[in-house]
Amino acid sequence: MKIDKRRYSLLAVPVLAASFAVAVSATPASAADCGYLFDDFSYSSSADPALTANGWTPRSYQGGPGVPGANWSPSSISFPTNNGQKVMQLTASTDGTAAGTKHAELYSTQKRYLEGTYASRVRFTDTPVSGNDGDHINQTFFTISPLNGDLDPTYSELDISEYLPNGGWGEQGPINYQTTWYTYRNEPWYADNVHSEQRSSLDGWHDLVAQVANGHVVYYIDGVQVGDHGGKFFPRQTMTINWNLWFIDTATHSGGLSTYIQQVDWVLFAKNQVLSPAQVTSQTGGYRSAGSTFVDTVASTGGCTNNPPTTPPTTPPTTPPTTPPTTPPTTPPPGTGCSDAPNWAFSSVYTGGNLVKHEKSKFGDPNGPKSGEGVHLWRARYWTQGSEPGWTEQWQDLGRC
Ligand SMILES: [Ca+2]
Ligand SMILES: [Ca+2]
């Protein structure tokens with residue numbers, strides 16, 4: 001069964017612009033380390049420089065999904081303490097009007113996640129923290145790529161959870177979806193996806209896990225498998241990691257201002273490794289007991305192969321993350337044309353106007369096969385890092401060299 005639901009529009013906006021550049025910190029990789037991202041979300045606020053330095057962006061641009069005209073603001077992301085643990089909190093509110101509706105989103109600045117295990121401990125809420133209940137609120141954890149034109153066959157999106165405590169999309173009661181996307185088209189709307197669903201309350205904390213390997217996306221909630229999606233729906237290009245909280249519509253709003261929250265304790269991504277939910281719990285517990293609130297070895301390791309390990313991962317690294325360097329990564333010397341522009345590099349930082357040479361990859365994976373379109377000259381529209389020319393809005397195509 002296919003469901004036609006919201007229209008994400010991450011692709012239409014300069015989502016990856018950032019005001020400054022600081023390299024993420026990295027723990028030295030052990031031999032068995034294929035690359036991990038772990039964040040316990042120990043930040044002071046959405047303006048904490050460490051949040052951006054660690055690769056996260058609180059959304060500030062307007063647009064879909066949800067109530068048209070709603071406001072998305074970094075101030076809707078906060079970091080309170082819940083039961084002694086710092087958590088990332090999304091806050092959304094509505095008074096039933098577009099101008100009086102606020103949504104919230106946090107996403108990874110870089111599009112660099114594909115195969116491996118994604119996990120996050122998320123607190124869903126069935127009732128607002130203030131105001132009347134009953135709104136069509138959507139509480140999510142997902143990964144997504146840009147849509148490179150209508151029905152882009154390389155489009156990739158995994159909605160690891162979309163929880164609707166008050167229904168919506170024609171549903172009356174609480175329902176939770178896992179949706180794996182092949183592609184879509186905005187006009188006229190067409191969605192090509194597959195989904196699983198659970199019709200019960202998920203109020204409270206839950207461990208959400210998605211294993212992406214061997215042609216299958218296998219979803220778990222609290223260790224129980226709830227979906228297995230494969231075939232053409234298996235993701236075909238790298239994606240960002242995101243959480244958002246938004247109103248599908250205001251059809252069931254019953255007056256006054258209603259405010260809802262969603263909390264996220266931590267996130268874990270294990271690159272090219274299949275971790276069981278129990279292994280996820282062990283891995284995150286290891287980071288916590290070691291005092292590591294942030295670890296990122298995704299870019300600094302070779303990534304291993306796509307084969308699942310035959311033995312559980314070894315003890316997680318005990319080294320706390322290093323302090324982010326105070327100087328930005330080396331900026332490539334600017335070129336003036338095809339003759340002297342440097343080749344684009346994934347980890348390099350580029351600022352608006354910088355020129356690079358690059359042949360677009362076929363599937364949005366810079367390490368994968370080339371498109372066959374030849375080497376082009378590209379100009380950065382603004383600050384960018386880790387976003388491949390040809391696959392993101394950051395780069396303007398100046399033609400073939
Ligand atoms: Ca409710
Ligand atoms: Ca935490």
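Colleague: Is Asp-133 buried, partly exposed or exposed?

Modeller: Asp-133 counts as partly exposed, at 36% relative accessibility. Keep in mind that this is a predicted model.

Colleague: What does Asp-133 bind?

Modeller: Asp-133 is one of the protein donors of the calcium ion (ligand 1). The full list is Asp-126 (O), Asp-133 (OD), Asp-133 (OD) and Asn-166 (OD1). They lie 2.2 to 2.8 Å from the ion.

Colleague: And Asp-126, buried or exposed?

Modeller: Asp-126 counts as buried, at 17% relative accessibility.

Colleague: How are the donor residues of ligand 1 spaced in sequence?

Modeller: The spacing is D-x6-D-x32-N.

Colleague: On to the calcium ion (ligand 2). What coordinates it?

Modeller: Asp-40 (O), Asp-40 (OD), Gln-85 (OE1), Lys-86 (O), Asp-265 (O) and Asp-265 (OD) do, at 2.4 to 2.6 Å. Along the chain these donors follow D-x44-Q-K-x178-D.

Colleague: Where do Asp-40 and Asp-265 sit?

Modeller: Asp-40 is in the loop between strand E1 (36-39) and helix H1 (49-53). Asp-265 is in strand E18. The pair links distant parts of the chain, 225 residues apart. Asp-40 is buried, and so is Asp-265.

Colleague: Why is the arrangement around ligand 2 called irregular?

Modeller: The 6 donor atoms subtend angles of 72 to 163°, which makes the arrangement irregular. For six octahedral donors, ideal angles are 90 or 180 degrees.

Colleague: New topic. How many disulfides are there?

Modeller: The count comes to 1 disulfide. Cys-338 and Cys-401 form it, with sulfur atoms 2.0 Å apart.

Colleague: Which hand does it have, left or right?

Modeller: The torsion about the S-S bond of Cys-338 and Cys-401 is about -80°, so the disulfide is left-handed.

Colleague: Which parts does that pair tie together?

Modeller: Cys-338 lies in the loop between strand E19 (294-296) and strand E20 (349-350). Cys-401 lies in the segment after strand E24 (395-400). So the pair ties together parts that are 63 residues apart in sequence.

Colleague: Are those cysteines buried or exposed?

Modeller: In between. Cys-338 is partly exposed, with a relative accessible area of 29%. Cys-401 is partly exposed too, at 43%.

Colleague: Now the aromatics. How many pairs are there?

Modeller: A search of the whole structure finds 19 aromatic pairs. One of them is Tyr-118 with Phe-269. Their ring centres are 4.7 Å apart and their planes are at 50°, so that pair is tilted.

Colleague: Where are Tyr-118 and Phe-269?

Modeller: Tyr-118 is in strand E9 (residues 116-124) and Phe-269 is in strand E18 (residues 258-271), so the pair ties together parts that are 151 residues apart in sequence. Tyr-118 and Phe-269 are buried.

Colleague: Which pair is stacked?

Modeller: Phe-141 and Trp-243 form a stacked pair, 5.5 Å centre to centre with 15° between the planes. Phe-141 is in strand E10 (residues 136-144) and Trp-243 is in strand E17 (residues 240-249), so parts 102 residues apart in sequence are tied together. Phe-141 is buried, and so is Trp-243.

Colleague: What cluster do Phe-141 and Trp-243 belong to?

Modeller: One aromatic cluster, formed with Phe-41, Tyr-43, Trp-56 and Phe-79.

Colleague: Last one. Which charged side chains lie over a ring face?

Modeller: Arg-59 lies over the face of Trp-72, at 3.6 Å from the ring centre. Lys-232 lies over the face of Tyr-182, at 4.6 Å from the ring centre.

Methods
Residues are numbered from 1 along each chain as its sequence is written. Chains are lettered from A and ligands numbered from 1 in the order in which they are written. This is a predicted model: local features need pLDDT of at least 70, side-chain atom pairs count only at pLDDT 80 or more; totals for chains, interfaces and linings use all residues. Side-chain values use heavy atoms; hydrogens and water are left out. A disulfide is a pair of cysteine sulfur atoms within 2.5 Å. Helices (H or I, at least four residues) and strands (E, at least two) are DSSP runs, numbered from the N terminus. Buried means under 20% relative accessible area, exposed over 50%, partly exposed in between (1.4 Å probe, protein chains only). Donors are N, O and S atoms within 2.8 Å of the metal (3.2 Å for Na, K and Ca); water is not among the atoms, so sites may look incomplete. Rings of Phe, Tyr and Trp (its six-membered ring) pair if their centres lie within 6.5 Å; planes under 30 degrees apart count as stacked, over 60 as edge-to-face and the rest as tilted. A charge sits over a ring if NZ of Lys or CZ of Arg is within 6 Å of the ring centre and within 35 degrees of the ring normal. Four donors count as tetrahedral if all angles lie between 85 and 135 degrees; four count as square planar and six as octahedral if opposite donors are over 155 degrees apart and all others between 65 and 115; anything else is irregular.
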